[in-house]
Amino acid sequence: MFSLLSKVNLGGIPSNGCKKSSVLSFVKRRDFNPSSNRWMTNEKMSPLKIRAKELVNAINTMENHSKIFNKKFLEVLPPEKLDEVFKNLTASLGKAIGVRELTTESATAGTLSIEFEKFIGKGTITIDEEEPNLVSGFHISNVETKTETLQGLICDLKKLPGRASLAAFKLEGEELKDLGSHNPDLSLAIGSAFKLYVLAELARRIEKGDAKWEDVIKLEVSSCPSGNNWPIGSPVTLHTLASMMISTSDNTATDQLIKFLGRESVENVMKESGHMSPELNIPFLTTSEFFKIKGDAHRKDFETEFINKTAKERRELLDEELSQIPNDKVDLGKFAKPNHIDSIEWFASCYDLGRIMNWLKQCSDEGDYLRGVLSINKGLPAELAKQWNYVGFKGGSESGVINLTYLLESKNGEWFVVTGSWNDTKANVDTLQFVGILNKAIELIDKKH
């Protein structure tokens, strides 16, 4: 069935997930003229090519859906919903120009690249075996920007509404060599990327011999929303909790680890890792606290009350009042649009995230549990991830917020961090555009190094 983009969990807010992009380079087919969207060949066009061409027209005109898509497709995604999807797609990528490449896997399935005014969309198409060979599946899984230089990406970033940052660092021991950046010192909301600091404190505890990855603890807390429905008291290993926290951004796993490690311990590792403005994250919120504060779980406008408190007073509110409020009191509707993202969140700059990723890299070894946890969800299209020896990833998002942070080892053994954030207090951010910029930056670094 239809899917606009494959989901990569960035954590935190219930949403459509973070839409990932691809930076696969494309080769212009000699048998296709994108300006006319016509195949330049004498051979008869296959049904798959015909439907791919018609898809481009449908994206732009939003017409003749019943003549292009089969009944089951339109039952799942009725024409009015499909029109909404196409409108959002062209708003992000620009007008669809034509099919740049179609690779057939069978007579009824293939992968395709569609050129839009601003980006290249890549995905899959399937059609019915029986005539009239209507489209049964259409999936855009990756998006790539047309910009071909790091400086060009920075120019694209500057055009985004709100505030944004981007940095590509080469890791040289404890130093971060800036290969190209925009606002690398700017502290922005990072969503669930804060969980890197929780992972760092767990890794430090294990390195000191005070815990082991295999240790089993009982689940004592739950969050809202959470990726698991384990009952309180369930036995679970520290490795499982860490894996779920990073790979699926599970909030209950995160809060359980913070409880196990201690809030102050996570704050300390944040400071020791070189965070430039740790006071922005003190007291260090659990995800449950985050939702209760901003979701009117305690009392109306509690977030304003919380903002006006000192760090000590906030800590007292969290420990004495908010801990007594059940998760089901949270109004998730409060997160449909940006909600105090510049005051109640987790904050870090590109340099801060570069340092914590470098810290995690330095206290781990090839093939160990820590690097394994970071690389379960690589946050990249498979083809791009294969270009690197190692990919570690954590991202974060809520309405008006997105962060993507990568730890990368090149084929020749050099290490890099690529990280970027985008905050907009007035509107939801366009994840399609942002992931296209970040993934292109990763592709460009790979080509250079």
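Let's start with one residue: E101 stands opposite S113 in strand 6. Helices (H or I, at least four residues) and strands (E, at least two) are DSSP runs, numbered from the N terminus. Before going further, note that this is a predicted model, where local features need pLDDT of at least 70 and side-chain atom pairs count only at pLDDT 80 or more, while totals for chains, interfaces and linings use all residues. Residues are numbered from 1 along each chain as its sequence is written, and side-chain values use heavy atoms, with hydrogens and water left out.

Now for the sheet around that spot. Strands of a sheet pair through backbone hydrogen bonds, either parallel or antiparallel. Here, four strands make an open sheet in the order 5-6-7-8, with antiparallel pairing; two strands pair if DSSP finds at least two bridges between them. Strand 5 (96-106) and strand 8 (135-145) sit at the edges with a single partner strand each, so one side of each has no neighbour in the sheet. From one strand to the next, the twist averages 20 degrees. Strand 5 pairs with strand 6 (residues 109-116) in the antiparallel sense, over eight bridges.

Helix 1 (residues 47-61) lies across strands 5, 6, 7 (119-127) and 8, and runs at about 150 degrees to strand 5. For such angles, axes are lines fitted to C-alpha atoms, for helices over the stretch in contact, and the angles run from 0 to 180 degrees between N-to-C directions. In the loop between strand 7 and strand 8 you'll find P132, and the peptide bond leading from E131 to P132 is cis, with omega near 10 degrees.

Further along the chain, S249 lies in the loop between helix 7 (238-247) and helix 8. Its phi is near 60 degrees, a positive value in a residue other than glycine. Next come two packed helices. Helix 8 (residues 251-261) and helix 10 (residues 287-294) pack at an angle of about 115 degrees, their axes 8 Å apart. That makes helix 8 roughly perpendicular to helix 10 (angles under 35 degrees count as roughly parallel, over 145 as roughly antiparallel, 65 to 115 as roughly perpendicular and the rest as oblique). Helix 8 brings N251, T254 and D255 to the contact, and helix 10 brings T287, S288 and F291; contact means heavy atoms within 4.5 Å. By class, these residues are one nonpolar, four polar and one charged. Ala, Val, Leu, Ile, Met, Phe, Trp, Tyr, Cys and Pro count as nonpolar, Asp, Glu, Lys and Arg as charged, and the others, Gly among them, as polar.

Another cis bond turns up between I282 and P283, with omega near 0 degrees. P283 is in the loop between helix 9 (263-272) and helix 10, and both I282 and P283 help line the largest cavity, as do F306, R314 and W346, among others. On a 1 Å grid over the protein atoms alone, a cavity is a set of points where a 1.4 Å probe fits but cannot get out, and a pocket is an open set with protein on both sides within 12 Å along at least five of seven lines; lining residues have an atom within 4 Å of a point. The largest cavity holds about 80 Å³ of space, where a volume is the space filled by probe spheres set on grid points joined across faces, edges and corners. Its lining has eight nonpolar, two polar and two charged residues.

Finally, the second largest pocket has a volume of about 430 Å³. Of its 18 lining residues, V221, K259, T286, E289 and S323 are the closest to its centre.
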